[in-house]
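This briefing introduces one structure to a reader who is new to the subject. Please look first at the sequence and the model, and then follow the points below topic by topic.

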Amino acid sequence: MHLLKSQKGSILVELVFVCILLVMFVLATVEVINIIRADIYIHKIAREGAREAAITKNTETGKRMAEDAARQYFNSSKPAVVLYTNQSAGDTANVVCDVTYDYKYFYFLNNKGLGGKELDAQAVYPWWDENT
């Protein structure tokens, strides 16, 4: 009978360890999903900004479009958007949109996060010139 009481206590200790491991696994999975989501969003922002600049032939319009998309996808911290034309060989040029976002790990636990990673994306679209 004395052996049975010690086994009940060890089962409880094992259950606590397994629950802690399960919570850590779930938190890590959620964090990986959030990193992937943020990476997809910054790629979308870069594509939308470069595409809009190429269609309207105006880099300021493309930058505003990218910043609007950034406000839509990221509520609290906004990614940095840089949009410019890149002169390549000959007279052809490209529109380049660079987006950089400082991702904070476990941001939902602490507003400052627990470390972080810089995510970046770049989209290049051909610049349509009416003169050619």
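Does tyrosine 105 count as buried, partly exposed or exposed? Tyrosine 105 has a relative accessibility of 26%, and because the partly exposed class runs between 20% and 50%, this residue counts as partly exposed. The model discussed here is a predicted one, and the points that follow take up its strands, its aromatic rings and its largest pocket.

**Strands**

- Strand β1, which covers residues 80-87, runs antiparallel to strand β2, which covers residues 93-104, and 8 bridges join the two.
- Within this pairing, valine 82 has aspartate 98 of β2 as its bridge partner.
- Strand β2 also pairs with strand β3, residues 116-126, again in the antiparallel sense, and this pairing extends over 11 bridges.
- One of the bridge partnerships here sets valine 96 against valine 124, the latter in β3.
- As a general point, the side chains of a regular strand alternate between the two faces of the sheet.

**Aromatic rings**

- A pair of aromatic rings is described by two values, the distance of the centres and the angle of the planes.
- The structure holds 4 aromatic pairs, and in one of them the rings of phenylalanine 74 and tyrosine 101 have centres 4.2 Å apart and planes at 25°, so this pair is stacked.
- Because phenylalanine 74 lies in the loop between α2 (59-73) and β1, while tyrosine 101 lies in strand β2, the pair ties together parts that are 27 residues apart in sequence.
- Phenylalanine 74 and tyrosine 101 are both buried, and they form one aromatic cluster together with Tyr41 and Tyr73.
- Tyrosine 103 and tyrosine 105 form an edge-to-face pair, with 6.1 Å from centre to centre and 70° between the planes.
- Within that pair, tyrosine 103 is buried, with a relative accessible area of 8%, whereas tyrosine 105 is partly exposed.

**The largest pocket**

- The largest pocket has a volume of about 260 Å³, and its lining is made up of 14 residues, of which Arg37, Ser76, Tyr101, Tyr103 and Tyr107 lie nearest its centre.
- The elements that give two or more residues to this lining are α1 (2-56) and β2, and β2 gives the most, with 4 residues.
- Sorted by class, the lining of the largest pocket has 7 nonpolar, 4 polar and 3 charged residues.
- Tyrosine 101 therefore appears under two topics, as a ring stacked with phenylalanine 74 and as one of the residues nearest the centre of the largest pocket.

Conventions
Residues are numbered from 1 along each chain as its sequence is written. This is a predicted model: local features need pLDDT of at least 70, side-chain atom pairs count only at pLDDT 80 or more; totals for chains, interfaces and linings use all residues. Side-chain values use heavy atoms; hydrogens and water are left out. Two strands pair if DSSP finds at least two bridges between them. On a 1 Å grid over the protein atoms alone, a cavity is a set of points where a 1.4 Å probe fits but cannot get out, and a pocket is an open set with protein on both sides within 12 Å along at least five of seven lines; lining residues have an atom within 4 Å of a point. Grid points are joined across faces, edges and corners, and a volume is the space filled by probe spheres set on the points. Ala, Val, Leu, Ile, Met, Phe, Trp, Tyr, Cys and Pro count as nonpolar, Asp, Glu, Lys and Arg as charged, and the others, Gly among them, as polar. Rings of Phe, Tyr and Trp (its six-membered ring) pair if their centres lie within 6.5 Å; planes under 30 degrees apart count as stacked, over 60 as edge-to-face and the rest as tilted. Buried means under 20% relative accessible area, exposed over 50%, partly exposed in between (1.4 Å probe, protein chains only).
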